[in-house]
Amino acid sequence: MSKIRIAGIEEESIVDGPGIRLVVFTQGCNHNCIGCHNPETHSFYGGKLVDIDNIINMIIENPLLDGITLSGGEPFEQAIECSILAKRVRNMGLNVVTYTGYTFEEILRNDNFRELLLQTDILIDGKFDISKKSMMLQFRGSTNQRIIDVKKYLGL
């Protein structure tokens, strides 16, 4: 059984991507952005290990969900585990949004991140920059962050 280290799960969110979403907050992040919304997720030793099957069961139990959002922490620090979860979710006909402090270009250069990127429908990229913070942005915290339609950009 595959496990993922998480800080927590929000069972229904409308602010972490389009539609109603189950949000998985991964545990562990090296970005340490000043003003981070989830600083408790930075430690790689915090949170708890959860079986991916348990998350899938939560998704199955809620027919209102449009998809999941992988947030953090930094989902790409657990790229293998997150890609396993994302692939199973997409096989259920749901979509996947992934938040990351990495840029799309950095992710493309890292072979270890490829599978999670391929299982992501929408990527919100870039470190949170408190000097560019805006409460007017949909799904983002600062103006440097981008909403990327991964399939469109990769020509898939």
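Read from the N terminus, the protein chain runs β-β-β-α-β-α-β-α-α-β-β-α. That makes 5 helices and 7 strands. The model is a predicted one.

Start with the overall shape. The C-alpha atoms fill a box of roughly 40 × 35 × 30 Å along the principal axes. The radius of gyration is 14 Å, and a compact globule of 156 residues would have one near 15 Å, so the chain agrees with that expectation.

Next, look at how the chain packs. Of its 156 residues, 47% count as buried. Take the contacts between residues at least 6 apart in sequence: 65% of them join residues at least 24 apart.

Now the surface and the charges. The protein chain exposes about 8200 Å², with carbon and sulfur atoms supplying 51% of that area. The chain carries 16 positive and 20 negative charges. The mean positions of these two sets lie 4 Å apart.

Finally, zoom in on one residue, serine 142. It sits in the loop between β6 (122–125) and β7 (146–149). Is serine 142 buried or exposed? Its relative accessibility is 0%, and buried means under 20%, so serine 142 counts as buried. Its side chain has a polar partner: the backbone nitrogen of aspartate 129, reached at 3.1 Å. Aspartate 129 also appears among the residues in contact with serine 142, once neighbours within four places in sequence are set aside. The others on that list are Lys127, Phe128, Lys132, Lys133, Ser134 and Leu137.

How values were computed
Residues are numbered from 1 along each chain as its sequence is written. This is a predicted model: local features need pLDDT of at least 70, side-chain atom pairs count only at pLDDT 80 or more; totals for chains, interfaces and linings use all residues. Side-chain values use heavy atoms; hydrogens and water are left out. Helices (H or I, at least four residues) and strands (E, at least two) are DSSP runs, numbered from the N terminus. The radius of gyration is taken over C-alpha atoms; the globule rule is 2.2 Å times the number of residues to the power 0.38. Buried means under 20% relative accessible area, exposed over 50%, partly exposed in between (1.4 Å probe, protein chains only). Contact means heavy atoms within 4.5 Å. Accessible areas come from the Shrake-Rupley method with a 1.4 Å probe; for residues, only the protein chains shown count as cover. Lys and Arg count as positive and Asp and Glu as negative; His and the chain ends are not counted. The place of a charge is taken as NZ of Lys, CZ of Arg, CG of Asp or CD of Glu. A polar contact is a pair of N or O atoms within 3.5 Å; within protein, one must be able to donate a hydrogen and the other to accept it, and residues adjacent in sequence count only if both atoms are side-chain atoms.
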